[in-house]
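Visitor: Please take a close look at a single part of this structure. I would like one strand and its partners, then how that part sits within the chain.

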Amino acid sequence: MTEPEASHTFQVDLRGMVDLLSHHLYSSPRVFIRELMQNAVDALTARRRLDPAAPATVTIRTGAQLTVTDTGVGLTEDEVHRFLATIGRSSKRDEAGLIQTRSDFVGQFGIGLLACFVVADEITVLTRSARDPHSPAVRWHGYADGRYAIRTLPGLEIPFGTTVTLVPRAGSEEWFEQARLTELARHYGSLLRYEVSLAGPDGTPVRITDTPPVWDRPYGSPIARRQALVEHCERQFGFRPLDVIDLDLPLVGLRGTASVLPTSVPASRRSGHRVHLKGMLVSDQASELLPDWAFFVRCVVDADGLRPTASREALYDDETLAAVRDALGETLRSWLAGLAASDPALLGRFLAAHHLAVKALAAYDDELLRALLPWLPFETTDGSVTLDEFSRSHPTILVTQSVEEFRQVSSIAAAAGLGVVNGGYTYDRDLIRRLPQLRPGVSVLDLDPDTVTAHLDSVDPAVELAAARFLELARKVVDRYGCDTALRSFHPVTVPALLIDHREARHERGRAEQEAAADGLWADILGALRSSAPRAQLVLNHQCPLVRRIAVIEDPDLAASALEGIYGQALLLTRRPLRPAEHAQLNRAFLGLLEYATHDGPAGAGAAAREDGR
């Protein structure tokens, strides 16, 4: 016969729990004052349920010890045993053990008082319950090593409510200094919905709460309200906003503002937002509050219906938060769409700083793209202009696949009258491709290197025949770089050569270089990946006087050095990162030309003669 299993109770090491809280759950010991204020205001909320006219204040006193006194609902002796001596049990539960209405209380986890052991060795709780006016007051005395004692105090002279007293742990005295506590209490509790004050050793109280929030206060005019919101942003975030947007989601009791940054920020940098739950600050770095594309605003909000994590230092990412994020994103989107009609000047200043964020949103929103198309800037062969303006001059728009390709052809394409848009930036290519849907009659095509060369004028056959020897030398010089040569006439005449290089050709050159440096199996693998991609092309400009002079140089070595220099200059015009081999080529061309300029031969003599004739 199998013996019944023995039942045991978990044993909790309080010192281990305190270490867990201080090093893993909470980011800093400073949260202890937040936990004390939170318990106090939740007690006030519970008492106001019993008596709406009951006093509701929290008083913090600092000195050798710290006391936090509230006029809240208090605890009976039985509740003290259940809630203060049982880790994880919350006084904010109903008789069935379920957490009471979330919108009424800040806290949800019964570990708030335990967190105070992070900075204190002893905690005393003096409390009297308002639920049972005839019950005596109770004193609970707890120690960081897990011991506690409870004593009832006969008599009814002690008022309803709770006073928590903390004796600082050695080394934690700094957290109990009046200036430090005032700063921390205001940081966490400035928007609490009950009056909180702090008094130092001299007994002079300082108000902690600053309610109602700045966005809910009455003002004499919209201008005065806007100025107050701007000043609030300057105090909270340290910048003067371009605009301040009201945020209001009644379903979750969310109110606040979004301040628009006056300067651009990287899209990868997610802004930190200040989020209060029922007045208590949960986080000042809550990046999860808004969609990723909304990196151009900083928010301050107070909400009732969101959930904090166990540490109450972040938001719990659930369906409610996702719905709030979408709704706040829609508010910002509506603000953007409305700017085009209400304040074009402000929209222009905004887009000058944050066009990337708007493009990120417009990439998935046809309505917003249609509204903002006349304002969004793009890099084109006509300069930085809007697609709306650009399409009027160029019914056929050519778009590059990369920034490098645009830089290679922009000057030549502009001189040839081609309308080219840089599609290498984030979101730009997708937006440009959608233009025909919004502007009928406009076509968008991918830019092909052959398209550019087709718009360059061919030279007279007799001229090309006369330059045959020069072109043959040019082919030999640039062939080592995986490049072909052509002779054309184009503007501007100050450009001696155009290097038409595209992604496939660069990939093939890189593969060939790795194959040459590899051996064994890896070389065979790279060889199998060989492609027949078109090679890059160096297009020499016959209109350029420099090219014409080089073409008649008799000395083949000097001509080769000059061609190396032209190739290097064309390479630099692409403004793409150079590989080590390309750096070496530029260095070789430069040193070769210096060698000829300073040589004792005919070139050097000519240089000396010119020097003497100055």
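Guide: What follows starts with one strand and then moves outward.

The model is predicted: local features need pLDDT of at least 70, side-chain atom pairs count only at pLDDT 80 or more, and totals for chains, interfaces and linings use all residues. Residues are numbered from 1 along each chain as its sequence is written, and side-chain values use heavy atoms, with hydrogens and water left out.

Start with strand 7, residues 195-199. Strands (E, at least two residues) and helices (H or I, at least four) are DSSP runs, numbered from the N terminus. Four of the five residues of strand 7 are buried, so the strand is largely enclosed by the rest of the structure. Buried means under 20% relative accessible area, exposed over 50%, and partly exposed in between (1.4 Å probe, protein chains only).

Now its partners. Two strands pair if DSSP finds at least two bridges between them. Strand 1 (residues 57-62) pairs with strand 7 in the parallel sense, over five bridges. Within that pairing, I60 stands opposite L198. Strand 8 (residues 205-207) pairs with strand 7 in the antiparallel sense, over three bridges. Here S197 has R207 as its bridge partner. Strands 7 and 8 form a hairpin, with five residues between them. In the turn, G203 has a positive phi of about 85 degrees.

Next, a salt bridge: D210 with R217, closest N and O atoms 3.0 Å apart. The term requires a side-chain nitrogen of Lys or Arg within 4 Å of a carboxyl oxygen of Asp or Glu. D210 is partly exposed at 44% relative accessibility. R217 is partly exposed too, at 26%. By this rule the count comes to 23 salt bridges.

Other pairs link separate elements. R434 and D366 meet in a salt bridge at 2.0 Å, N to O. R434 lies in the loop between helix 11 (428-433) and helix 12 (435-438), and D366 lies in helix 8 (residues 366-372), so the pair ties together parts that are 68 residues apart in sequence. R434 counts as buried at 13%, whereas D366 is partly exposed at 37%. R433 forms a salt bridge with D446, with the closest N and O atoms 3.3 Å apart. R433 lies in helix 11 and D446 in strand 18 (residues 443-446), so this pair ties together parts that are 13 residues apart in sequence. Salt bridges that share partners also join E330, R333, D365 and E367 into one network.

A loop residue comes next. T76 sits between strand 2 (66-70) and helix 3 (77-84). T76 is buried, at 18% relative accessible area. Leaving aside residues up to four places away in sequence, T76 touches S129, S135 and V138; contact means heavy atoms within 4.5 Å.

One open sheet has four strands in the order 19-20-22-21, with mixed pairing. Its edge strands are strand 19 (457-458) and strand 21 (497-500), each pairing on one side only. Strands 19 and 20 (residues 483-489) run antiparallel and are joined by two bridges. In strand 20, R488 is the bridge partner of S458.

Last, the whole chain. The chain has 21 helices and 22 strands. Buried residues make up 48% of its 614 residues. Among contacts between residues at least 6 apart in sequence, 65% join residues at least 24 apart.
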